[in-house]
Every structure is written in structure tokens, then in C-alpha cells.
Amino acid sequence: MSKGKILMSQPIHEAGIKFITDQGYEARVAPDFSEATLIKEVQDAQGLLVRTAEIPASVINAGKQLKVIARHGVGYDNIDVKAATARKIPVCITPRANALSVAEHVLAFMLAWAKRIVPYDAATRKNDWDVRNSYGACDLDGKTIGILGMGRIGMLVCQKAKAAFNMEVLAYDPLVPREAMEKAGARVATIPEILMAADFVTLHVPSNPETKGMIGEAQFKMMKRSAFLINCARGRIVDEAALVKALKDGPIAGAGLDVFDPEPPTADNPLFGLPNVLLSPHSAGLTVECVIRMATHAAQAIVDVLE
């Protein structure tokens, strides 16, 4: 006999499903993640496991038996935490699941730009052998990376950039003790100092009213013309219109984006037509290993609370 129902807003890795059923619970994946469907499906669920679906108060309040919500990832921005709090429903995340994978994605963006992997690949396929004489690539050794947000992901980016590439690291995070950032190998600096000095700026802050649009036209003007922006956090942290302008007209050289505002981006998004931006579909945390960790950690969190 089932101990209760755990609803998933979207499919998760089978390892997470197996964990739920092995613990004696029914694992139910919603047929779609529209608000109306989730309101219907959550009514008899004790736990709700959420990926990217929006979970407004209407869904939370429809779950009359709901005791816990778990995010398949990090960040609470798609869940109405106030509504959950009013019901005394804890909201869990998987903080140790995706940091490594996202940090590696940041390094991949940096390497791709430094070594001009995409344009050199395209030129080689066209038999443009002379592109090798453009001397467009550069070394990461000794370059400066600026990290805005030194949580788990930012700390890993810092450590890996120093260990693998001997990069100088400038970091900003008002919530992390200076000693912790310095111990990781970073030099603590202000946002303007970072923007003016960094060859690569990578964002790892949460999405909230304070960080919305924190990188916009004024910030792009502070950056080097040779600098690159990397965003594997949340799309709304960057003013996308200002980014398009900065990529078209300067003052920055390029960008690597794993996130957009909104998601998925519309088909006519002007970023798609720009040659100096690398794009991925919010997939930094979707490696095989990471999705297993996120699925099982989120499932574990639900079971922990229920039991």
C-alpha cells in the first residue's frame, strides 16, 4: 500500500522515480505543467517535486494534503514561497547537486571564446585554412576572471579557474565573508572594480528584485572592449536589450549565455543573429551525472520531510 503520492511537475531521471517508489510512495508525473493541470494533479499529493514549472499560490493552495515542495535544482524564483510559508510547507532545493556541472559549463564558455572554437570550426569546414593566421585566440593563463556571487558555484569557478588556468580572480558577494573568498583564492573587489578589470565576468547571484537587471547599459560601458560576459544563473539578472546593444556596437567582445528572459526565448530573439554570442538552452546543470543528483536529492528531501 502506497504511503502517499509525490507529484512531479515534469519528468525527472528514472533514478529519482526509483528512489520514490523504493520508499513506498507513488510517483506521478503531471501530463503537462500548465497551472490548470497542476491544480488538478496536486490535490491529493503529499509532496511536489518541481523543475522549471511556475508554482503560484493557486497550485500550492490546491494541494490540501501538501506537506513539502522540492526544487530539482537551486533557486526559488519559480515558486511562490510566501504562499508555501503561509501553509507552513517547507520548500527544499538541491544545493549540492548542480554546482560542479554549472562551474564546468562556465569554464567551457571561457575556453570556447579564448580558443575561438566555434568560428575556427566554421572556417575549417569552409576550407578557410588562412584563418589560422588571424591569431584571434588567446591564452587563459594570467587573465582576470570576475565572479559576481561566491556561493557554491562561484567558489568552484574560482578554484577551478586558478588551479586549471592560473587566472587572477576578482570576486564580489556581500553575503559571503571576505575570509572565505580570499581562502578560495579570490581578491575581493567592488562590482565596478571587477567590471573594469576582468577579461571574463561570470554571474552567480540569485534572481530577486535586487538583482534584476543588475547588469545593464551602464555596467557594459565599464567593461573592457575585449571582455566577455557569462551568465549561467538567471536571465533576468541581465538587461537583455542592453546586452544585444553591447554585442552589436561594443563595448564588449562577446557573451556566453545559458539563461534567458523569458525562457524559452522567442524565435525572433535578436541574440540568435549575433555571431559573438554562444548560447545553450539552460542546460549547464543537465549533465547525466547532475540530473541523477538533482532527481535523487530532491526526492530524498521530500521523503525526509514526510518522514
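## Close-up views of a predicted model

**View 1. A salt bridge joins E41 and R28.** In this predicted model, the side chains of E41 and R28 form a salt bridge, with N to O at 2.9 Å. The pair links distant parts of the chain. E41 sits in helix 2, while R28 belongs to strand 2 (residues 26-29). The two are 13 residues apart. E41 is buried, because its relative accessible area is 9%, under the 20% cut-off. R28, at 33%, is partly exposed. Across the whole structure there are 11 salt bridges.

**View 2. T37 in helix 2.** T37 lies in helix 2, which covers residues 35-41. Its relative accessibility is 15%, so T37 counts as buried. The T37 side chain makes a polar contact of 2.9 Å with the side chain of S34. Setting aside residues up to four places away in sequence, T37 touches A30, P31 and D32.

**View 3. An open parallel sheet.** The sheet has 5 strands in the order 2-1-3-4-5, and the pairing is parallel. Strand 2 and strand 5 (91-92) are the edge strands, each pairing on one side only. Strand 1 (residues 5-8) pairs with strand 2 in the parallel sense, over 4 bridges. I6 has A27 of strand 2 as its bridge partner.

**View 4. A salt bridge within helix 6.** D121 and R125 meet through their side chains in a salt bridge of 2.7 Å, N to O. Both residues lie in helix 6 (residues 117-125). They are 4 residues apart, about one turn of the helix. An α-helix has 3.6 residues a turn, so residues three or four places apart point the same way. D121 is partly exposed, with a relative accessible area of 35%. R125 counts as exposed, at 69% relative accessibility.

**View 5. A salt bridge within helix 10, and a network.** K221 forms a salt bridge with E217; the closest N and O atoms are 3.5 Å apart. Helix 10 (residues 217-222) holds both K221 and E217. Their spacing is 4 residues, about one turn of the helix. K221 is exposed, at 60% relative accessible area. E217 is partly exposed, at 43%. A network is also present: K5, R28, E41 and D44 are joined by salt bridges that share partners.

**View 6. The largest nonpolar core.** This core has 34 residues. Which of them touch the most other members? They are M110, I145, M150, M167 and F200. At least two core residues come from each of helix 5 (99-114), strand 6 (144-148), helix 7 (152-165), strand 7 (168-172) and strand 10 (228-231). Helix 5 gives the most, with 10 residues. M110 is in contact with L140, I145, M167, F200 and I230, leaving aside its neighbours within four places in sequence. Another core lies apart from this one. That second core has 30 residues, including L170, A233, L247 and L257. In soluble globular proteins, nonpolar side chains tend to be buried together.

**View 7. Helix 5, largely enclosed.** Helix 5 has 16 residues. From first C-alpha to last, helix 5 reaches 23 Å, close to the 22 Å expected at 1.5 Å a residue. Of its 16 residues, 12 are buried, so helix 5 is largely enclosed by the rest of the structure. Among the buried residues are S101 and H105, together with V102, V106, F109, M110 and W113. Just after helix 5, R116 takes a positive phi of about 55 degrees.

**View 8. Helix 7 and what covers it.** Helix 7 has 14 residues. Its first and last C-alpha atoms are 19 Å apart, close to the 20 Å expected at 1.5 Å a residue. Which residues of helix 7 are buried? They are I153, G154, M155, V157, C158, A161 and F165. Their cover includes helix 5, strand 6, strand 7, helix 8 (178-183) and strand 9 (200-203). Just after helix 7 comes N166, with a positive phi of about 55 degrees.

Terms used. Residues are numbered from 1 along each chain as its sequence is written. This is a predicted model: local features need pLDDT of at least 70, side-chain atom pairs count only at pLDDT 80 or more; totals for chains, interfaces and linings use all residues. Side-chain values use heavy atoms; hydrogens and water are left out. Buried means under 20% relative accessible area, exposed over 50%, partly exposed in between (1.4 Å probe, protein chains only). A polar contact is a pair of N or O atoms within 3.5 Å; within protein, one must be able to donate a hydrogen and the other to accept it, and residues adjacent in sequence count only if both atoms are side-chain atoms. Contact means heavy atoms within 4.5 Å. A nonpolar core is a set of buried Ala, Val, Leu, Ile, Met, Phe, Trp, Tyr and Cys residues joined through side-chain atoms within 4.5 Å. A salt bridge is a side-chain nitrogen of Lys or Arg within 4 Å of a carboxyl oxygen of Asp or Glu. The expected span of a helix is 1.5 Å times one less than its number of residues. Two strands pair if DSSP finds at least two bridges between them.
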